[in-house]
Amino acid sequence: MATAHADEPVLLDPKGPAITAIACAVGAALFLGAGGACGYVVARTVAEFGETGGGWTWAGAGLALLAAFVASVGWSTAVSARAERRATLQLAALGVDASALVLAVASAPPTNDHHFQVRLLMRVSGPGFTPFECGAEVPRYQFGGATPGTVLPARVNPITRVFTIDRPPAPPPPAPEV
C-alpha cells in the first residue's frame, strides 16, 4: 500500500541569472571539450589497438575514462545550475512569507572553500502550509549571531517546501545618553 507524503524541506541558496549563465557556460565547455577529447581518444585507441607497442591502449583507455568523467561533471554542473535557478524562480513566484524559529545552533565542518559554518535546527511556520522542522548548515559569517529563540525571516514554497532564510535582524543601536 503506497502512502502519500510531503516532500522533505530543502534550504535553497537562491541563484541569480548571471551566476546561472556562468555555471551553464562552464558546464557546457567542460562537457563539449571533454566529450570531444573522449571521442578522439577512443577513436585513436581503437584504431591502434592491435599494433605493436600496446602502451597506447592502456593510456588511451585511462585518458578516455578521465575525459568521460570530466564531461559528466560538466553536464551535471549545467543541469544543477538550471534546476537551482528554476527553483529560485518558482520560490519567488509561489512562495509565501514565513518565519523560522531557531531551536538549536551547533558548529559544523567548514565548506570546501574554508568558510566556517553553523548548523541550525529551525521550525518554519507561516500561512498556507503545515509548520515543519529542518536542520541546515549555513555560513557562520551570515548566521553566526543566531541563537536559540532567534526568529529569522523566511520564504517558503508551500507545495514543495523549498525555503530560504535571511540573516537575523541587526540589534537596535543603543539609545544615546542624555
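**Exercise 1.** Is Arg85 buried or exposed, and which side chain of opposite charge is nearest?

*Solution.* Before we start, note that this is a predicted model: local features need pLDDT of at least 70, side-chain atom pairs count only at pLDDT 80 or more, and totals for chains, interfaces and linings use all residues. Residues are numbered from 1 along each chain as its sequence is written, and side-chain values use heavy atoms, with hydrogens and water left out.

- Step 1: find Arg85 in helix H2. Helices (H or I, at least four residues) and strands (E, at least two) are DSSP runs, numbered from the N terminus.
- Step 2: check its surroundings. Arg85 is buried, where buried means under 20% relative accessible area, exposed over 50%, and partly exposed in between (1.4 Å probe, protein chains only).
- Step 3: look for a partner. Arg85 has no salt bridge, and the nearest side chain of opposite charge is Glu84, 10 Å away. For charges, Lys and Arg count as positive and Asp and Glu as negative; His and the chain ends are not counted.
- Step 4: see what Arg85 does touch. Leaving aside residues up to four places away in sequence, it contacts Lys15, Gly16, Pro17 and Thr20; contact means heavy atoms within 4.5 Å.

**Exercise 2.** Work out which residues the salt bridges of Lys15 bring together.

*Solution.* A salt bridge is a side-chain nitrogen of Lys or Arg within 4 Å of a carboxyl oxygen of Asp or Glu.

- Step 1: the structure has 4 salt bridges. One of them pairs Asp13 with Lys15, at 3.1 Å from N to O.
- Step 2: Lys15 also bridges to Glu84, with the closest N and O atoms 4.0 Å apart. Glu84 sits in helix H2 (residues 55-94) and Lys15 in the loop between strand S1 (10-11) and helix H1 (17-47), so this pair ties together parts that are 69 residues apart in sequence.
- Step 3: Glu84 is partly exposed, at 33% relative accessibility.

**Exercise 3.** Track down the salt bridge between strands S3 and S4.

*Solution.*

- Step 1: Arg123 and Glu133 meet through their side chains, 3.0 Å from N to O. Arg123 belongs to S3 (residues 117-125) and Glu133 to S4 (residues 132-139), so the pair links parts that are 10 residues apart in sequence.
- Step 2: both ends are partly exposed: Arg123 has 36% relative accessibility, and Glu133 has 45%.
- Step 3: back to Lys15 for a moment. Shared partners join Asp13, Lys15 and Glu84 into one salt-bridge network.

**Exercise 4.** Lay out the sheet, strand by strand.

*Solution.* Two strands pair if DSSP finds at least two bridges between them.

- Step 1: the 6 strands make an open sheet with mixed pairing, in the order S1-S6-S5-S2-S3-S4. S1 and S4 are the edge strands, each pairing on one side only.
- Step 2: S2 (residues 96-108) runs antiparallel to S3 over 9 bridges, and to S5 (residues 151-156) over 6 bridges.
- Step 3: S3 and S4 are antiparallel too, with 8 bridges. Their hairpin has 6 residues between the strands, and Gly128 there takes a positive phi near 90°.

**Exercise 5.** Place Met122 in the nonpolar core.

*Solution.* A nonpolar core is a set of buried Ala, Val, Leu, Ile, Met, Phe, Trp, Tyr and Cys residues joined through side-chain atoms within 4.5 Å.

- Step 1: the largest core has 19 residues, and Met122 is among those touching the most other members. S2, S3, S4, S5 and S6 (162-165) each supply at least two residues of this core.
- Step 2: Met122 stands opposite Cys134 in S4, and its contacts include Leu101, Leu152 and Phe163.
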